[in-house]
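Here's a quick briefing on how this chain packs together. Have a look at the model first, then read on for the core, the rings and the cysteines.

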Amino acid sequence: MKPHPEAVRVFRRYPSGCALAPLHWRQMRTALHAMLTVPSAPGEAQAPEGVELYLLDDASVARANAGHLGCTGPTNILSFPGGSGSPGALLLSLDTLRRECLLYGQDPAEHAVRLLAHGMGHLRGLDHGPVMDALCERHMEAAWAALCDEEACRST
């Protein structure tokens with residue numbers, strides 16, 4: 001079943017950082033929308049009905065990490081499952097994303113899609129491990145297919 005076109009909402013709470021994001025917020029929305037269409041495998045919960053993505057700085061993510069999980073400092077992505085008709089929420093630190101790309105020599109767009117896929121795995125109720133890894137691969141494949149289709153549409 002195809003998710004509703006409004007199933008993914010993106011909130012840009014870090015305007016200056018958004019200009020440095022490796023993907024435009026509309027591309028992130030396209031990627032997440034595609035991830036919502038990935039069917040569940042055994043051991044996986046269904047995808048949420050929708051997802052809200054918050055593009056934030058390290059300070060904002062660190063506050064959420066401390067307030068909700070009791071952890072100190074920022075992290076790359078936080079996931080908060082929705083329920084009973086409310087969407088799940090992903091908090092993506094653009095600061096940490098860019099820093100990890102520099103530290104680990106990763107392509108920024110690829111790493112952004114990987115983090116979104118990882119966050120979606122947690123929204124489906126998975127923890128780290130082989131089932132999560134397999135789902136993340138399927139999420140990334142769906143996202144890149146949608147992003148490539150979008151690019152082809154714009155160039156014609």
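The largest nonpolar core has 39 residues, and Leu-32, Met-35, Leu-53 and Leu-92 touch the most other members. A nonpolar core here is a set of buried Ala, Val, Leu, Ile, Met, Phe, Trp, Tyr and Cys residues joined through side-chain atoms within 4.5 Å; buried means under 20% relative accessible area, exposed over 50%, and partly exposed in between, using a 1.4 Å probe and protein chains only. Keep in mind that this is a predicted model, where local features need pLDDT of at least 70, side-chain atom pairs count only at pLDDT 80 or more, and totals for chains, interfaces and linings use all residues. Residues are numbered from 1 along each chain as its sequence is written, and side-chain values use heavy atoms, with hydrogens and water left out.

**Nonpolar cores**

- Two or more residues of the largest core come from each of β1, α2 (25-36), β2, β4 (88-93), α4 (94-104), α5 and α6 (130-155); helices (H or I, at least four residues) and strands (E, at least two) are DSSP runs, numbered from the N terminus.
- Helix α5 chips in the largest share of this core, with eight residues.
- Apart from this core lies another one, of eight residues, including Phe-11, Val-61, Ala-64 and Ala-89.
- As background, nonpolar side chains tend to be buried together in soluble globular proteins.

**Two residues and their contacts**

- Leaving out residues up to four places away in sequence, Leu-92 has contacts (heavy atoms within 4.5 Å) that include Met-28, Leu-53, Val-61, Ile-77, Leu-115 and Leu-116.
- His-111 sits in helix α5, which spans residues 108-123, and counts as buried at 5% relative accessibility.
- With the same sequence neighbours (up to four places away) not counted, His-111 touches Leu-97, Glu-100, Cys-101 and Gln-106.

**Aromatic rings**

- There's one aromatic pair, where rings of Phe, Tyr and Trp (its six-membered ring) pair if their centres lie within 6.5 Å, and planes under 30 degrees apart count as stacked, over 60 as edge-to-face and the rest as tilted.
- Phe-11 and Tyr-54 make up that pair, stacked at 4.7 Å centre to centre with 15° between the planes.
- Phe-11 is in strand β1 (residues 8-12) and Tyr-54 in strand β2 (residues 51-56), so the pair ties together parts 43 residues apart in sequence.
- Phe-11 is buried, at 15% relative accessibility.

**Cysteines**

- How many disulfides (cysteine sulfur atoms within 2.5 Å) does the structure hold? Zero.
- For Cys-71, the closest cysteine sulfur is in Cys-136, 19 Å away, which is too far for a bond.
- Cys-71 is partly exposed at 36% relative accessible area, and Cys-148 is partly exposed at 49%.

Methods:
A disulfide is a pair of cysteine sulfur atoms within 2.5 Å.
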